[in-house]
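This report concerns a single protein structure, shown below with its sequence. Please keep both in view while reading.

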Amino acid sequence: MILRVMIVEDEDMIRNGLVKTLPWADMGCTVIGSAGDGKSGLEQIIERRPDVVITDIRMPEMDGLEASRAIRDIDPEIPIIALTANAFDSDKQKAIDAGCNDYMAKPIVVGQLTAMIKKYI
């Protein structure tokens with residue numbers, strides 16, 4: 001089974017870096033979409049039904065926490081990995097409360113993110 005991943009991140013450099021840098025095929029994954037804000041990300045998630053979602057917490061239109069709560073209403077089983085530039089414990093707790101399974105502070109450490117994703121394969 002190939003794990004289908006959706007990336008929702010408003011910073012183009014980070015979003016494109018995640019799409020192009022991680023060894024997706026080697027991990028048994030494929031990126032099925034990416035979005036620059038929570039609203040368009042949620043629309044794609046509803047349409048494409050990924051196996052894992054990686055989302056930034058702070059974004060325009062709809063933040064990652066709102067999107068995560070909406071994802072939980074659609075499918076409570078989709079693993080969600082939250083990313084944030086603010087490594088505050090309050091952000092981590094907000095992510096957990098919104099239904100995120102994992103949490104990572106930026107800058108992203110590829111090995112750590114890869115390990116998080118592999119838990120869901």
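The following sections treat the nonpolar cores, one helix pair, several individual residues and the backbone.

**Nonpolar cores**

The model is predicted, and its local features are given only where pLDDT is at least 70. The largest nonpolar core holds 20 residues, and Val53, Ile71 and Ala95 are the members that touch the most others. At least two residues of this core come from each of strand S1 (3-8), helix H2 (38-48), helix H3 (64-74) and strand S4 (80-84). The greatest contribution is that of H3, with 4 residues. A second core, separate from this one, has 17 residues, among them Ile7, Leu18, Leu22 and Val52. As a general matter, nonpolar side chains in soluble globular proteins tend to be buried together.

Which residues does Ile71 contact, leaving aside its neighbours within four places in sequence? They are Leu42, Ile45, Val53, Pro76, Ile78 and Ile80.

**The pair H2 and H3**

The axes of H2 and H3 lie 10 Å apart, and the two helices pack at an angle of about 15°. H2 is therefore roughly parallel to H3, because an angle under 35 degrees is counted in that class. The crossing of H2 past H3 is right-handed. On the H2 side, the contact is made by Gly38, Leu42, Ile45 and Ile46, and on the H3 side by Ala67, Ala70, Ile71 and Ile74. By class, this contact comprises 7 nonpolar residues and 1 polar residue, with no charged residues. Leu42 and Ile45 of H2, which take part in the helix contact, also appear in the list of contacts of Ile71.

Glu43 is another residue of helix H2. Glu43 is partly exposed, with a relative accessible area of 48%. Its C-alpha atom is separated by 9.8 Å from that of Ala67, which is 24 residues away along the chain.

**Buried residues in S4 and H5**

Thr84 belongs to strand S4. Is Thr84 buried or exposed? Its relative accessibility is 1%, so Thr84 counts as buried, the limit being under 20%. With neighbours within four places in sequence left aside, the contacts of Thr84 are Asp56, Ile57, Arg58, Asp91, Tyr103, Met104, Ala105 and Lys106.

Helix H5 spans residues 110-118 and includes Ala115. Ile117 is also placed in helix H5. Ala115 has a relative accessible area of 44% and is partly exposed, whereas Ile117, with a relative accessible area of 0%, is buried. Not counting residues up to four places away in sequence, Ile117 touches Leu3, Leu22, Trp24, Met27, Cys29, Ile54 and Ile81. One of these, Leu22, is included in the second nonpolar core.

**Backbone features**

Where is Arg49 located? Arg49 lies in the loop between H2 and strand S3 (52-56). Its phi is near 50°, a positive value in a residue other than glycine. Arg49 is counted as partly exposed, at 41% relative accessibility.

Glu61 likewise has a positive phi without being glycine, in this case near 70°. This residue is placed in the loop between S3 and H3. With a relative accessible area of 63%, Glu61 is exposed, because the class begins over 50%. Leaving out residues up to four places away in sequence, Glu61 touches Asp37 and Lys39.

A cis peptide bond leads from Lys106 to Pro107, with omega near 5°. Pro107 is situated in the loop between strand S5 (102-105) and H5. Lys106, the residue on the other side of this bond, is among the contacts of Thr84.

**Separations between C-alpha atoms**

The table sets out separations along the chain and in space.

| Residue pair | Separation along the chain | C-alpha separation |
|---|---|---|
| Ala115 and Pro23 | 92 residues | 12 Å |
| Ile117 and Ser34 | 83 residues | 16 Å |
| Glu61 and Met1 | 60 residues | 33 Å |
| Glu43 and Ala67 | 24 residues | 9.8 Å |

Note on methods:
Residues are numbered from 1 along each chain as its sequence is written. This is a predicted model: local features need pLDDT of at least 70, side-chain atom pairs count only at pLDDT 80 or more; totals for chains, interfaces and linings use all residues. Side-chain values use heavy atoms; hydrogens and water are left out. A nonpolar core is a set of buried Ala, Val, Leu, Ile, Met, Phe, Trp, Tyr and Cys residues joined through side-chain atoms within 4.5 Å. Buried means under 20% relative accessible area, exposed over 50%, partly exposed in between (1.4 Å probe, protein chains only). Contact means heavy atoms within 4.5 Å. Axes are lines fitted to C-alpha atoms, for helices over the stretch in contact, and angles run from 0 to 180 degrees between N-to-C directions. Angles under 35 degrees count as roughly parallel, over 145 as roughly antiparallel, 65 to 115 as roughly perpendicular and the rest as oblique. A crossing is left-handed if the near helix is turned anticlockwise from the far one by less than a right angle, and right-handed if clockwise. Ala, Val, Leu, Ile, Met, Phe, Trp, Tyr, Cys and Pro count as nonpolar, Asp, Glu, Lys and Arg as charged, and the others, Gly among them, as polar.
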